[in-house]
Amino acid sequence: MNTPTTIIGKLDAKGLKVAIAAARFNDFIVEHLISGALDFLERHGLDATYITLVRVPGAFELPLICQKLAASGRFNGVLALGAVIRGATPHFDYVCAEASKGLAQCMLQSGVPIGFGLLTCDTIEQAIERAGSKGGNKGVEAASAMLETIRILEQL
Ligand code: INI
């Protein structure tokens, strides 16, 4: 029986350059996503010297900044980190929709892997759960997905 040619992305960050765009809005959550992502990248071989951290106002600004970072040609991957938490008005829906659409568009247009580390939560409790407690850390997951995608793309 033949076996398929299988391509996998190794979680090895050595030699890469990565940019992180992180929203300042809900910073008490986003700081945990940032520290989780930095810890993951460093534990997988990336020296902090090769990481550029850009602070942006909120999730709505993430696509523009990520687009600029991706188009610069200076980074193998870009990580978008933020937390949108539902309030009393439909504002949440607009911010989530535009941020997620914009980040997907940015990845497809630039060809640079974008890690989607944007929490979209109904409550603060849900956000806390996903920022390094019982729901894991979405900053780590997004960093891992970005790294895996970088290493897959290199082989295609
Ligand atoms: N930005 C966030 O990152 N998270 C939120 O929960 C949020 N809410 O709920 O309003 C939010 N709004 C700000 C938005 O991203 C822009 O920065 C702002 O509208 C200015 O353009």
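Which element gives the most to the shell around the ligand? In this predicted model, the answer is S3, with 3 residues. Strand S3 spans 77-85, and helix H3 spans 91-110; each of them supplies at least two residues of the shell.

Now take the shell residue by residue. Phe 25 and Asn 26 belong to the residues around the ligand. So do Gly 58, Ala 59, Phe 60 and Glu 61. Ala 83, Val 84 and Ile 85 are listed too. His 91 and Val 95 complete the set. As for the site itself, the ligand sits in the largest pocket.

Next come the polar atoms. Start with a nitrogen atom of the ligand: a polar backbone atom of Ala 83 is 2.8 Å from it. Turn to oxygen. A backbone N or O atom of Phe 60 lies 3.1 Å from an oxygen atom of the ligand. Asn 26 uses its side chain instead: an N or O atom there is 3.2 Å from an oxygen atom of the ligand. How much of the ligand does the protein bury? Taken alone, the ligand exposes 460 Å², and the protein buries 75% of that.

Asn 26 deserves a second look. This residue is found in the loop between strand S1 (18-23) and helix H1 (27-43). Is Asn 26 buried or exposed? Its relative accessible area is 17%. Buried means under 20%, so Asn 26 counts as buried. The backbone is notable as well. Most residues other than glycine have a negative phi. Asn 26 is not a glycine, yet its phi is positive, at about 55°.

Leave the ligand and move to helix H5, residues 138-153. Ser 144 has its place there. Its relative accessible area is 16%. That is under the 20% cut-off, so Ser 144 is buried. What does Ser 144 touch beyond its neighbours within four places in sequence? It is in contact with Leu 11 and Phe 40. Phe 40 falls within the range of helix H1 (27-43).

Finally, follow the chain past H5. Leu 156 is found in the segment after that helix. Its relative accessibility is 70%. Exposed means over 50%, so Leu 156 counts as exposed. Where does the fold bring this residue along the chain's other stretch? The C-alpha atoms of Leu 156 and Ile 7 are separated by 8.5 Å. Along the chain, these two residues are 149 residues apart.

Technical notes:
Residues numbered from 1 in each chain as written. Predicted model: local features only at pLDDT ≥ 70, side-chain atom pairs only at ≥ 80, totals over all residues. Heavy atoms only, no water. Helix = DSSP H or I, 4+ residues; strand = E, 2+ residues; numbered from the N terminus. Buried < 20%, exposed > 50% of the residue type's maximum accessible area, 1.4 Å probe, protein only. Contact = heavy atoms within 4.5 Å. Near = heavy atom within 4 Å. Polar contact = N/O pair within 3.5 Å; in protein donor to acceptor, adjacent residues only side chain to side chain. Areas by Shrake-Rupley, 256 points an atom, 1.4 Å probe, with all protein chains shown as cover. 1 Å grid on protein atoms, 1.4 Å probe; cavity = no way out; pocket = protein on both sides within 12 Å on 5 of 7 lines; lining within 4 Å. Sits in = over half its atoms within 2 Å of the grid points.
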